[in-house]
Amino acid sequence: LFPSLHEGLGMPIIEAVSFGKPVVASSIDVFMEISETAPYYFNPRDRDSIVEALHEALSSKLSSQKKNEYERI
C-alpha cells in the first residue's frame with residue numbers, strides 16, 4: 001500500500017513489482033508513469049476508494065494482464 005500525495009520515482013512500487021506482490025497505490029501522475037494498469041489505484045483523499053482498491057487487490061489473483069505488465073516494469 002502506497003498512499004502518497006507527492007512522490008519522486010516510486011521505488012517501493014518497483015520493489016513490490018519485482019517480488020510479484022500486488023501494488024495498491026495513489027493515482028498520482030508519477031505512479032501512473034510507471035504503469036497505468038499494474039497497480040490497483042485509488043484516490044488518496046477518498047477513504048472509500050482506498051478500501052475498494054485494497055479489497056480488490058487482496059481478493060484477486062494477479063491477472064495475466066497485470067503479470068505481463070509486471071514483467072514489462
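The paragraphs below walk through the nonpolar core, the ring interactions and a few polar side chains of this predicted model.

A good place to start is the interior. The largest nonpolar core has 18 residues, and those touching the most other members are Ile13, Val23, Val24, Ala25, Phe31, Tyr40 and Tyr70. Several secondary structure elements contribute to this core: α1, β1 (24-26), α2, β2 (40-42) and α3 (47-59) each provide at least two residues. Ile13 gives a handy view of how the packing is arranged. Once neighbours within four places in sequence are set aside, Ile13 is in contact with Phe2, Val23, Ala25, Phe31 and Ile34.

Two of these contact partners of Ile13, Phe2 and Phe31, also meet each other. The structure holds one aromatic pair, formed by Phe2 and Phe31 in a stacked arrangement, with 5.0 Å from centre to centre and 25° between the planes. Phe2 belongs to the segment before α1 (11-18), whereas Phe31 sits in helix α2 (residues 29-34), so the pair ties together parts that are 29 residues apart in sequence. Both Phe2 and Phe31 are buried. Another ring, that of Tyr40, has a charged neighbour: Lys66 lies over its face, at 4.3 Å from the ring centre.

Attention now turns to charged side chains. Side chains of opposite charge can pair when their charged atoms come close. In a search of the whole structure, one salt bridge is found. Its partners are Glu69 and Arg72, whose closest N and O atoms are 2.8 Å apart. Because the two residues are three apart in helix α4 (residues 64-72), Glu69 and Arg72 are separated by about one helical turn. The surroundings of the two partners can be set side by side: Glu69, at 15% relative accessibility, counts as buried, while Arg72 is exposed, with a relative accessible area of 52%. Beyond residues up to four places away in sequence, Glu69 touches Ile34, Ser35, Thr37 and Ala38.

Among those contacts of Glu69, Ser35 deserves a closer look. Ser35 lies in the loop between α2 and β2 and is buried, with a relative accessible area of 2%. Its side chain makes polar contacts with the backbone of the residues that follow. One reaches the backbone nitrogen of Thr37 at 3.1 Å, and in another the backbone nitrogen of Ala38 lies 2.9 Å from a polar side-chain atom of Ser35. Leaving aside neighbours within four places in sequence, Ser35 is in contact with Tyr41, Glu69, Arg72 and Ile73. Both partners of the salt bridge, Glu69 and Arg72, are thus contacts of this loop serine. As for the chain start, the C-alpha atoms of Ser35 and Leu1 are separated by 16 Å, with their positions 34 residues apart along the chain.

A second serine, Ser18, offers a contrast in setting. Ser18 is found in helix α1 and is exposed, with a relative accessible area of 58%, whereas Ser35 is buried. The side chain of Ser18 also has a backbone partner, reaching the backbone oxygen of Glu15 at 2.6 Å. Finally, the C-alpha atoms of Ser18 and Glu71 are separated by 8.4 Å, although these residues are 53 apart along the chain.

Terms used. Residues are numbered from 1 along each chain as its sequence is written. This is a predicted model: local features need pLDDT of at least 70, side-chain atom pairs count only at pLDDT 80 or more; totals for chains, interfaces and linings use all residues. Side-chain values use heavy atoms; hydrogens and water are left out. Rings of Phe, Tyr and Trp (its six-membered ring) pair if their centres lie within 6.5 Å; planes under 30 degrees apart count as stacked, over 60 as edge-to-face and the rest as tilted. Helices (H or I, at least four residues) and strands (E, at least two) are DSSP runs, numbered from the N terminus. Buried means under 20% relative accessible area, exposed over 50%, partly exposed in between (1.4 Å probe, protein chains only). A charge sits over a ring if NZ of Lys or CZ of Arg is within 6 Å of the ring centre and within 35 degrees of the ring normal. A polar contact is a pair of N or O atoms within 3.5 Å; within protein, one must be able to donate a hydrogen and the other to accept it, and residues adjacent in sequence count only if both atoms are side-chain atoms. A salt bridge is a side-chain nitrogen of Lys or Arg within 4 Å of a carboxyl oxygen of Asp or Glu. A nonpolar core is a set of buried Ala, Val, Leu, Ile, Met, Phe, Trp, Tyr and Cys residues joined through side-chain atoms within 4.5 Å. Contact means heavy atoms within 4.5 Å.
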